[in-house]
Amino acid sequence: MTDIIKLTAAETAEKIASGELTAVEVTEAHLARIEAVDEKVHAFLHVDREGALAQARAVDEKRARGEKLGPLAGVPLALKDIFTTEGVPTTVGSKILEGWIPPYDATLTKRLKAADVVILGKTNMDEFAMGSSTENSAYGPTGNPWDLTKIPGGSGGGSSAALASFQAPLAIGTDTGGSIRQPAAVTGTVGVKPTYGAVSRFGMVAFSSSLDQGGPCARTVLDAALLHEVIAGHDPLDSTSIDAPVPPVVEAARNGSVEGMRVGVVKQFRGEGYQAGVIQRFDESVELLKELGAEIVELDCPSFDLALSAYYLIAPSECSSNLARFDGLRYGLRTGDDGGHSAEEVTSLTREAGFGPEVKRRIMLGTYALSSGYYDAYYGSAQKVRTLITRDFEKAFEQVDVIVSPTTPTTAFAIGERADDPMAMYLADLCTIPTNLAGNAAMSLPCGLAPEDNLPVGLQIIAPALKDDRLYKVGAAVEAAFVEKWGHPLLEEVPSL
């Protein structure tokens, strides 16, 4: 089992296609791993054992018939519990959807199934994707496999923890302000936020519609690229979906190089609040890029200092609108429906019981920001700042091909450490938020362990919209250089669970 679960997704698919392994053997090995360790990690909210084995058997039958298998056929995957899955619970980490069984698949779910990817189950997350630690899940926190007393990032901590604990070689996350990249950074995995609109949002429960973006999570850059290619592409069911070819991400990941590329370093992405070990590993990464043949260009993007403030007006405003649909009348939890309460009272009681503290906080913030007399002062001003951030990116990308930064200012913090301090929690997304506001593509990959706590540090790579292949070209080159330097992939150092 150990040998199977340590394989990359690309290696696994190759062995299944050649007949060296069966998809059922691979699936059973990962289900056994989940059974062995997930009681401690709590990466999964629901494990679909029967469904996963049925998918795996179908892959083996295809191969037996001599049918050509796709590049990820039979490879297991952990799916963030924000995408609808027909016949399988979708809770979004909230009590308000506890027990809800969707009658349809999200477009992303359909694409995974069409590619014969085996969906093991649904992963834990901050409620409605609101959080940076997975502590806001109504079903309890997830532990970081590097140290189970630490957070695995958020909102997609379940997906990143499943990868780092070898419960799945692939995972899906969503990124509204950094919820793919920040968990990847603190667990030593790879996470990619594609260009906004590149991956369909149909069937993805909405938090902030102009920011939300699904994306691939993996243990290697190539695995992330293979998954990216499966899930991306135009979807007529999503009005924000981009009708453009998927960039050649797999080709880029197989031919990593930074020779002759101009790499930008933004002066706003360092300073107060950044852990010394994070900056040390980032500076080493910049030196490595120089050694690999990149030209380093210093950039000044003053509007980035306002990104956090703008985000925490725009995202709550959109969430207060999106979450109005959870009224207790149509689906999910219903409280107070005893014949003695009006429909309005049932809705109020249901929301009181079903939404957690952070979701309520953001709904109130957003409702206030959108209210008459305050709209222009708050939401309108935040959208103007968003335009300034987009312009700063446009100017930057006239000078450079990609931008690099630390993914997050610190390594993983202790579970409970920031639970009562929302502002400290929000600062975890300081480096990731500008990309969401502009709609660009970005990746996080491991660049070592911080010397003071021996926990993973993430390097963020940012590319212009629709140039996602640049992430993989740079990421693959950096990954190969680091693996050569360390002598093994970073995740081999994860303490045994």
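User: What share of the contacts in the chain with a separation of 6 or more comes from residues 24 or more positions apart?

Analyst: The model considered here is predicted. Contacts in the chain with a separation of 6 or more are taken as the whole, and the part asked for joins residues 24 or more positions apart. That part amounts to 76%.

User: Which radius of gyration does the chain have, and why does it agree with a compact globule?

Analyst: The chain has 497 residues, and for this number a compact globule would have a radius of gyration near 23 Å. The C-alpha atoms fill a box of roughly 65 × 55 × 45 Å along the principal axes. The value of the chain agrees with the globule figure, because it is 21 Å.

User: How many of the residues are buried, as a percentage, and what part of the exposed area do carbon and sulfur atoms supply?

Analyst: A residue counts as buried when its relative accessible area is under 20%. By that cut-off, 60% of the 497 residues are buried. The chain exposes about 18,300 Å². Of this area, carbon and sulfur atoms supply 51%.

User: Which residues does the UniProt annotation "domain: Amidase" cover, and how far apart are the end C-alpha atoms of that stretch?

Analyst: According to the unreviewed UniProt entry, the annotation covers residues 25-471. Over this stretch the chain is 38% helix and 14% strand, while the secondary structure of the chain comes to 17 helices and 11 strands. The end C-alpha atoms of residues 25-471 are separated by 33 Å.

User: Is Lys267 buried or exposed?

Analyst: Lys267 sits in the loop between β7 (262-266) and α10 (276-291). Its relative accessibility is 52%, and the cut-off for exposure is over 50%. Lys267 therefore counts as exposed.

User: Which residues is Lys267 in contact with, leaving aside its neighbours within four places in sequence?

Analyst: The C-alpha atoms of Lys267 and Cys301 are separated by 7.5 Å, although these residues are 34 residues apart along the chain. Contact requires heavy atoms within 4.5 Å. With the neighbours within four places left aside, the contacts of Lys267 are Leu299 and Asp300.

User: How many residues of helix α8 are buried, and which residue with a positive phi follows the helix?

Analyst: Helix α8 spans residues 221-231 and is mostly covered, with nine of its 11 residues buried. Among them are Val221, Asp223, Leu226, His228 and Ile231. The residue that follows α8 has a positive phi near 125 degrees, and this residue is Gly233.

User: How far apart lie the centres of the positive and negative side chains?

Analyst: The chain has 43 positive and 66 negative side chains. The centres of the two sets are separated by 3 Å.

Terms used:
Residues are numbered from 1 along each chain as its sequence is written. This is a predicted model: local features need pLDDT of at least 70, side-chain atom pairs count only at pLDDT 80 or more; totals for chains, interfaces and linings use all residues. Side-chain values use heavy atoms; hydrogens and water are left out. Helices (H or I, at least four residues) and strands (E, at least two) are DSSP runs, numbered from the N terminus. The radius of gyration is taken over C-alpha atoms; the globule rule is 2.2 Å times the number of residues to the power 0.38. Buried means under 20% relative accessible area, exposed over 50%, partly exposed in between (1.4 Å probe, protein chains only). Accessible areas come from the Shrake-Rupley method with a 1.4 Å probe; for residues, only the protein chains shown count as cover. Lys and Arg count as positive and Asp and Glu as negative; His and the chain ends are not counted. The place of a charge is taken as NZ of Lys, CZ of Arg, CG of Asp or CD of Glu. UniProt positions are given in the numbering used here, feature names are shortened, and annotations may be inferred rather than shown by experiment.
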